[in-house]
Amino acid sequence: MAGSTSLIARRSIRSRLGRTISIASAILMGVAFVVGTFVLADSLKATFEGLFSDINENIDLEVRQELAFGDEAEGVQRDPIPLEIAGQIGTIDGVREAVPTIGRYAQVIDGDGAAVTLGGGPTLGVTDTEDEELSTVTVFEGRRPSADGEVAIDGATAEEADLGVGDPVQITTDAGTFEFEIVGLVGLGDTEAFGGASISVFPLETALEVLGTDGKIDAVDISLEDGADPAAVRAAIEAAIPDGTEVITGEELSEEQADAVNQFVDIFATGLLIFAFITAFVSAFIINNVFAITIGQRLRELALLRAIGAAGRQVRRMIYVEALVMSLVATVLGIGAGVLIAKGLTAVFNAAGAGFPTSGTVISLRTVAMAFLVGVGITMLSVVVPARRAAKIPPVAAMRPELGFDTINARRLVGGTVTLVVGALMFVAGLFLRPGGTIGLIALAGGGGLLIFIGVASVSSTIARPVVGVLGWPIRKVFGTAGRLARDNAARSPRRTSASAAALMIGVALVSAASVFAISLRVSVGNAFSTSLDADYVVTSDSFQGLPPSVAAALRDVPEIAAVTPIQGSAVEIDGEQKAIGAGDPEALDQLIDLEVRDGGSLADLGEGDIFVHVDAASDFELAVGDPVDVRFPNGGERTLTMTGVFDDATFVGNYLVSLDTLDESSDAPRAAFFVVAKLQPGTDPAQARTAINEALDDLPQAKAQTVEEFVGAQEDQINQILVVISSLLVFAIAIAVLGISITLALAVFERTREIGLLRAVGMNKRQTRRAVRWEAVIVSLFGAIVGVVVGSLIGVALTLAVPDSVIEGLSFSWPTVAFILVGAVIAGLVASLYPSFKASRMDVCDAIATR
Amino acid sequence: MSTIPTISTSPGSELAAAGAVDAVKRYGSGDAEVRALDGVTVSFESGKYTAIMGPSGSGKSTLLHCLAGLDDLTSGAVYIGDTYLAKLNDKQLTELRRTKVGFIFQAYNLIPTLTAAENISLPMMLGGTDGDKAWVDEVIDTVGLRDRLKHRPSELSGGQQQRVAVARALASQPTIIFADEPTGNLDSRSGAEILQFMQDAVRRHGQTIVMVTHDPVAAAYADRVLFLNDGRIVDEMLDPTADSVLEHLKNVGE
């Protein structure tokens, strides 16, 4: 039994090669994207893990300030420790060498005075040691810096800035801008770069002065004598170092550093993975549709099998075997393609300056298992319904094909509606009720979203005929008979039209949902910034390290400026929960940002030791003006601040605000500003002000001064860019959708061989034939796009409403985006029609009519 | 010649390979009701070749489909061997078709993706057996397909395709073979070959065949001809010749 089903299945795969290739490519694309994402993430992680353990290979122990809570990956900063600790540790038995180290912000400036960045990677100034074992860099040209005024930089930065050994260079740090001579070029391990970071290496004495640590160091790296007992030495060190400092091993350090990077890799990979699964989901629709159509075309063949004694079960199994074989082959190919995608993505991101290491390709067992789960899983699920249908073909249909299938549209409509309603309820419940927190949100909203799409895909067949009629009307007017045929053919089987359009519907719906959400966000963000800012200028940094205190200091000296303050921040613990506090100069803030301070209070009340709390946080913690607020800083220091005000607008400073003095008193950790805001003297000429500000920031190339309008525009641009990225990631899904329409039409052309032959015989020319197929494709894709825009916009509205009003206030809708999508759908239809219309027009008239 | 003929053998007797008792098949209801079969009682003797003739719409194809278990009756009963089909579920019906019934259709007889040899042994493969190898070989030689076994249906002429279909029907040694206008799509020479093979199978190997046809020449190969009109059997002729059948049809026409 098994022999005959698998024989027929294999033969069917081979002899319907075109269809097999189409289905296989839909499976392949879905699998490849999933595999590519996993391979990329795994390879990056493995590389980073290897990288950090290489760097720290010879560090046995490290001493540093202990964090009271949180970790550095969350942006919690360590205070520096006194230099003397290194000397003390050096004298402990079993310690071979104890090297003080510093790693802080340091920005290389090229000959034109521009900051050199490697695609937004960190720019760091570090110390190094002559001690072979504890040195973390490899000098590949010149030598290690040893005297004051000497520096070594990494090869990638040198190449980017066109600098070499012997050249003078300016470097900006938190303490100012200094002139150095490059004496060496360094790299990491075997490479001449630092994996996307720009590095300057200073002698320790120089670093203590220029890196803004006030003569302190960040850590002590320790190497032990051969044969020393690590546990005993560690205990001895722990006894010798002051409270608030800690000892960790080199392995712990490597793990921590790798984990910090891997957190970003995970977020990045999860984002990609969502799109990979969307792609796979869309392929499932195509596979289902193509199987459903081809089973219709094989009706007589399948009925014949039933007539000569094949059980319904055998027919069903035959379809399953066909699907299984195809999906296995496609999955194996998809894994290969996925590896290529991973390499391609690495190249794309590196071209954008991400600085991903390119070495090594990790294909884990989990990746392979996931590939088969996705490839084989979606295919088998997609053919369940077609296979069941095939099994129900009555044997007598072999002789009377008109008996065919009983179309059970009523059941389909009910099933589709139920699926749609359940999906919508789950989606809304997930967004607004959030049972079980984030996981509940993702599970319910994600699952609900899938059901919505499945439901819409089956229900949309009931509206396909009227919508196609309307869409086809102008086409019929313009293209005459060919246009009329296009419309009639698209309306002929509403079920098939809606099924072919379903994949595109999903892609378009996702783009529409993202666009409603992003546009609403953009408008709200723009409004929020515009209304809360009374300032004229906002200074920002391209680097995620933010702006050094020197930026605000430089602007304070500009006569055209009336008020200026940095907005700094720190992680703290309030009531055992990690929170972010903002800090600024109260007097300046009062003139620059409208915090909407409540109850007649003013920023003048924010003295050293005071705290302002946003109205929402105040009600959460049941705080009122005059209450004490216990705040714990990362260095373990605890302070009781007095709440002296409540404010309404958290756009710029977050939920908690203290003065710069309070923050300075509490922690020595390096503190960069997210923004520096400034207001001009009344009546200052804007051009003159801009010149003055740019001159003041001349030495601080990382600082970018923008007027408030420019700043708001830049924020809006960022949101637009996110929308563009999301749309680009949906390109795979949309490509599969176009492929799907193309396959369906090609199958339809095959089905209508006689009909087309007849039309050609009675005088329709090739051009008209092509035209009829082409505009049918356009009608189908427009239908998908219209349903997609409607469904997607509703989803987008739900998403937007689910976000608190403090982030998104009000809905915004963009008609140009809709117009853009519809034009795109017409183009998609034209692309999809290329192959089927070619096939239709090339048909041999005699053969076509002779076909039985 | 308008009396209802007597049944030569009674239902369920050992000599009958298949038959129907008061078979009624109605399509539609009310004014639109069509009685495709209007109380047919007939039996087909084992080892005999029976032709069923009648004008279009007389119900001959419906009778064949119901006898073969492809379609079900509105009332009455059909049996194959000692099995009443109404008592069978789909699984048992499938099993019956595979083992006890062979089919030869007018057109589109073969699975296009399988070779001639695979098409011939398909019913056995579906049952998970190889069948009787020697017999299958003999059948292949009889129909003269030895050198065409590896060919796909699309590479064979219409006559060759129908020979494959005959071979497939014979290969599993079914209780009865039903043929629905087997020569309808063939030229007269290929048609004669097919009819000869079928007659030989009955004469030499005791196969039972029931064939629906329009063609008096084809009917002449049979041992017995049944005439159907308006869903009823109206006449019967034993040992027909082409001329006698034609004569009969002319008489009915008058």
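This section describes the fold of two chains, the cores within chain A, and the contact between the chains. The model is predicted; local features require a pLDDT of at least 70 and side-chain atom pairs a pLDDT of 80 or more, whereas totals for chains, interfaces and linings use all residues. Residues are numbered from 1 along each chain as its sequence is written, and chains are lettered from A and ligands numbered from 1 in the order in which they are written.

Chain A contains 25 helices and 20 strands, where helices (H or I, at least four residues) and strands (E, at least two) are DSSP runs numbered from the N terminus. Its C-alpha trace extends over about 100 × 70 × 50 Å along the principal axes. Of the 852 residues in chain A, 49% are buried; a residue is buried if 20 or more other C-beta atoms lie within 10 Å of its own, exposed if 12 or fewer do, and partly exposed in between, with C-beta atoms placed from the backbone. Two residues are in contact if their C-beta atoms, placed from the backbone, lie within 7 Å. Among the contacts in chain A between residues at least 6 apart in sequence, 84% link residues at least 24 apart.

A nonpolar core is defined as a set of buried Ala, Val, Leu, Ile, Met, Phe, Trp, Tyr and Cys residues joined through C-beta atoms within 7 Å. The largest such core comprises 279 residues, of which L504(A), M505(A), I779(A) and F783(A) touch the most other members. Helix α2 (residues 17-55) of chain A makes the greatest contribution to this core, with 19 residues. When neighbours within four places in sequence are left aside, the contacts of L504(A) include I734(A), A737(A), I741(A), S781(A) and G784(A). They also include A785(A), G788(A), A825(A) and A828(A). Apart from the largest core lies another of 62 residues, including V572(A), Y656(A), A689(A) and I693(A).

Two elements of chain A are mostly covered. In helix α8 (residues 299-307) of chain A, eight of the nine residues are buried. The buried set in α8(A) holds R300(A), E301(A) and R306(A) alongside L302(A), A303(A), L304(A), L305(A) and A307(A). Just after α8(A), G309(A) adopts a positive phi of about 115 degrees. Strand β15 (residues 610-614) of chain A has four of its five residues buried. Strands are taken to pair if DSSP finds at least two bridges between them. Five bridges connect β15(A) in the parallel sense with strand β17 (residues 638-647) of chain A, and I611(A) is placed opposite M643(A) in β17(A). Strand β18 (residues 656-659) of chain A runs antiparallel to β15(A) and is joined to it by two bridges, with F612(A) opposite L657(A) in β18(A).

Chain B has eight helices and 10 strands, and its C-alpha atoms fill a box of roughly 50 × 45 × 35 Å along the principal axes. For its 254 residues, a compact globule would have a radius of gyration near 18 Å, and the value of 18 Å for chain B agrees; the radius is taken over C-alpha atoms, and the globule rule is 2.2 Å times the number of residues to the power 0.38. Buried residues account for 48% of chain B. Of the contacts in chain B with a separation of 6 or more, 70% are between residues 24 or more positions apart.

Six strands of chain B form an open sheet of mixed pairing, in the order β6-β7-β8-β3-β9-β10. Strands β6 (101-104) and β10 (232-238) of chain B are its edges, each pairing on one side only. Neighbouring strands of this sheet are turned by 20 degrees against each other on average, direction ignored; axes are lines fitted to C-alpha atoms, for helices over the stretch in contact, and angles run from 0 to 180 degrees between N-to-C directions. Helix α5 (residues 158-171) of chain B lies across β6 and β7 (176-180) of chain B, at about 175 degrees to β6(B). At the β10(B) edge, strand β9 (residues 224-229) of chain B pairs antiparallel with β10(B) over six bridges, and L226(B) faces E236(B) in β10(B). V234(B) also belongs to β10 of chain B and counts as partly exposed because it has 17 C-beta neighbours inside 10 Å. V234(B) and V40(B), 194 residues apart in sequence, are 9.9 Å apart in space, C-alpha to C-alpha.

The contact between the chains takes 24 residues from chain B and 24 residues from chain A. On the side of chain B that touches chain A, α2 (90-100) and α3 (116-126) of chain B are the elements that give two or more residues. The residues of this side comprise 12 nonpolar, five polar and seven charged; Ala, Val, Leu, Ile, Met, Phe, Trp, Tyr, Cys and Pro count as nonpolar, Asp, Glu, Lys and Arg as charged, and the others, Gly among them, as polar.
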